[in-house]
2 protein chains.
Amino acid sequence: MGKDQPADVDQQARRLSRRALLTGGAVGAGLGALLGGAGGVAGGYALAERDRASEPGYDPATTPALNPAAEGPGFGGEALPCHGAHQAGITTVPATHVRHIAYTLRPETDRDAIARMFRILTGDIEALTAGVAPLADPEPELAERPARLTITVGVGPGLVDRVDRAKRPAWLAPLPAFTLDKLGGGFDGGDLLITVQADDQLPVAHAARMLHRDLDRFGEVAWVQQGFRQARGAEAAGATMRNLMGQVDGTVNPKPEDADFDPLIWIDTADGQPWLAGGSAFVLRRIRMELDTWDRVDRPGREQTIGRTLSDGAALSDPKGGEHTPADFAAKNALGLPIISSAAHIRRATSTDPNERIVRRAVNYDDGHEAGLLFGCFQRDPLTQFVPIQQRLDEADLLNEWVTHTGSAVFAILPGFRSGETLGAGLTA
Amino acid sequence: MGKDQPADVDQQARRLSRRALLTGGAVGAGLGALLGGAGGVAGGYALAERDRASEPGYDPATTPALNPAAEGPGFGGEALPCHGAHQAGITTVPATHVRHIAYTLRPETDRDAIARMFRILTGDIEALTAGVAPLADPEPELAERPARLTITVGVGPGLVDRVDRAKRPAWLAPLPAFTLDKLGGGFDGGDLLITVQADDQLPVAHAARMLHRDLDRFGEVAWVQQGFRQARGAEAAGATMRNLMGQVDGTVNPKPEDADFDPLIWIDTADGQPWLAGGSAFVLRRIRMELDTWDRVDRPGREQTIGRTLSDGAALSDPKGGEHTPADFAAKNALGLPIISSAAHIRRATSTDPNERIVRRAVNYDDGHEAGLLFGCFQRDPLTQFVPIQQRLDEADLLNEWVTHTGSAVFAILPGFRSGETLGAGLTA
């Protein structure tokens, strides 16, 4: 289909507009308003409108306006911009459905092929996240309602080495071994990570398939991990997720509006790899829950294990204080013993060093046979952020009796890209 | 936990109420209003209220009202009644998420054990669908927001034979072999079917786990199949599902408001097995889609294959007529050829006999490696309804090049039950 040829912006714009015209369109007034008209896909829309006039048979008097499909009721038509200093899907409001797909590059996928792959991915991401079918998408109707689809791309150690060994940061490697890990179950590592998220499983499935159609020639699927959180609309907006152990999960998490957020998560030029400035480091751990034995623990025992109440996630130091009152690890009971146990999960996970924090983004998984957490976290350097936290947990965390880490992977999340730019261009340049 | 002892209604009511009190409760004003107070769970709620006064330490002046948790924003708190002439989850508005779980009975699970199992299931279903944690549920918070949870129970040939061979209808057996079937992949048959549906995956996962905790002693999991349709809130209410081939799927489907609906779907006493009156026959077919090759078919080719437009599902005989204009199979084009091909899917699936219809309830599946349709259908007798349809499709359906049936199971869906009754009591009596 000629898609492994370099595609410039105009080509991409034509691709968008042509598809929009052929299918009755998908990007329109509603979507344009959502995107605010500030660059990004809105730019693509403007191009599409302009380009439309050159389509054979175009008659402004009789051709319907673009995009009836993306309007209509329901949130299916909502689109998020894919352009910016950082990729979408990292600090975006967490989606209901998440699919992580790792690829192993084929032996023949060299630096030039990787550059081609990034160009193709760029066009696919721009189209799919905007609700526009990519070139030769045979099911444009499945693309039209993205339901806040995001596609986030990361690269593993093997991919960077193929481009230039000197461009690989020290942390982009398998994590140091933890005593309790039971890896090797087929969910470790990977050369390329594609994370597809949306509030509806249909656009996730369709986007993954369209991306696979293009990625198939460059690599093969190493593993797929699918997760979920409570459905959009089921809970109050902004409610913290519950995991399958019944715990409120993710209460203490740096937020983009925090003053010290950026240096925790975003790699900058001072970090020694300019191609990664604006990117991040992503660690994905597959954590199996031993729910059968966990179910035998009584409620006080569970709350002691975590250090929080089950009902609303309040720290045990102030059980009436609600989810967001900070834990007081110094608090003692009448016997002079710590209220939050020395081996409680939240105590072991907390560092006195404010730089030793991570931005968590976990989802539940349950394939009907095994359940647990797909624990993903973003940071600037896993060796100084995730690793010391996990070492403390590995050493002594009451929760360890009921959780097992069965998969581990580290990826460099590529910096964001603007309209006209190519994802990952800094790496392959 | 003594749960394999017979439990009478009062015991169940106490279980509900006690749990509600211990956990801050889950059934309340909002839920009560939803259920309309007309029998069903509302009855359970009334019992719970009454029973509350006998709880140790109960003081109406200081004990908070039941069920703050089930209120609050979002649809998570919505509950559907489980009681009625028919089980819930059959004609209920289709849920976003569906999990079918089949069990193989353990060798020691005899008629008496099956009766015990049904009693335990009855209590679990009453509690979970109402958003009340079942007895000794260690994660009551996961039960509190059922998001329209339904749990539907069916029995396979093996289970009925264990009770009484004479009670098995002729159709409750593996389907006759179809030429193109590729069964044997681990998704065939089963002694017991539990279908869990909700608009949120979290209550589905939790309910399946709580049910498994109780079913584990009676059987082991034979297979699990999970599927989805477009998310609740993503589309206009009542929109027909799209499958992963991009087709509008399920347009022609008998509806409960149709005058001839009941005799198509519900077994009655005249059918020779009084224990099944009010029940139905469920056929589940796992249909793998060959999407890689399907993607190479052009749009007209795809539309000819089905006999409908891809854009909105209109029959090709009247492509501007919209989804619900009936197909005119006699319509011819200018050359005198049928507009809807003689082997188009919708033509092959349509019978001239109005009794030869089924009530479809299909969902998509996509585990990241394989995708397709979990095609479920209800009817009074599969041998006279599903089988002749599938024989015509098996014989000549253009779609066969891109779909393969890889799993097949038939279950007798138990009749509904009312408050105080036990699911399946007619079988084991």
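Where in chain B is the place of Thr109(B)? Thr109(B) sits in the loop between β1 (97-105) and α4 (111-130) of chain B; helices (H or I, at least four residues) and strands (E, at least two) are DSSP runs, numbered from the N terminus.

Hi everyone, a word on the ground rules. This is a predicted model, where local features need pLDDT of at least 70 and side-chain atom pairs count only at pLDDT 80 or more, while totals for chains, interfaces and linings use all residues. Residues are numbered from 1 along each chain as its sequence is written, chains are lettered from A and ligands numbered from 1 in the order in which they are written, and side-chain values use heavy atoms, with hydrogens and water left out.

Back to our threonine. At 1% relative accessibility, Thr109(B) counts as buried (under 20% relative accessible area, with exposed over 50% and partly exposed in between, 1.4 Å probe, protein chains only). Its side chain has a polar atom 2.7 Å from the backbone oxygen of Phe218(B). Setting aside neighbours within four places in sequence, Thr109(B) is in contact (heavy atoms within 4.5 Å) with Ile114(B), Arg162(B), Arg217(B) and Phe218(B).

Now let's look at the two chains together. A turn of 180° and a shift of 0.0 Å along the axis lay chain A on chain B with an RMSD of 0.0 Å, superposed by least squares on the C-alpha atoms of residues with pLDDT of at least 70 in both. The two copies are thus related as by a two-fold rotation axis. Gly233(A) is the residue of chain A that comes closest to that axis, with its C-alpha at 3.8 Å.

How many residues does each chain bring to the contact? Chain A gives 49 residues, and chain B gives 49 residues. Of the interface residues of chain A, 100% are also interface residues in chain B, so the copies meet through the same surface. Together the chains bury about 3,800 Å², 53% of it on carbon and sulfur atoms; that is the accessible area (1.4 Å probe) that two parts lose on being put together, summed over both.

And what links the chains? There are 10 salt bridges between chain A and chain B, each a side-chain nitrogen of Lys or Arg within 4 Å of a carboxyl oxygen of Asp or Glu. One of them joins the side chains of Arg99(A) and Asp366(B), at 2.9 Å from N to O. On the side of chain A that touches chain B, α7(A) gives the most, with six residues.

Methods:
A polar contact is a pair of N or O atoms within 3.5 Å; within protein, one must be able to donate a hydrogen and the other to accept it, and residues adjacent in sequence count only if both atoms are side-chain atoms.
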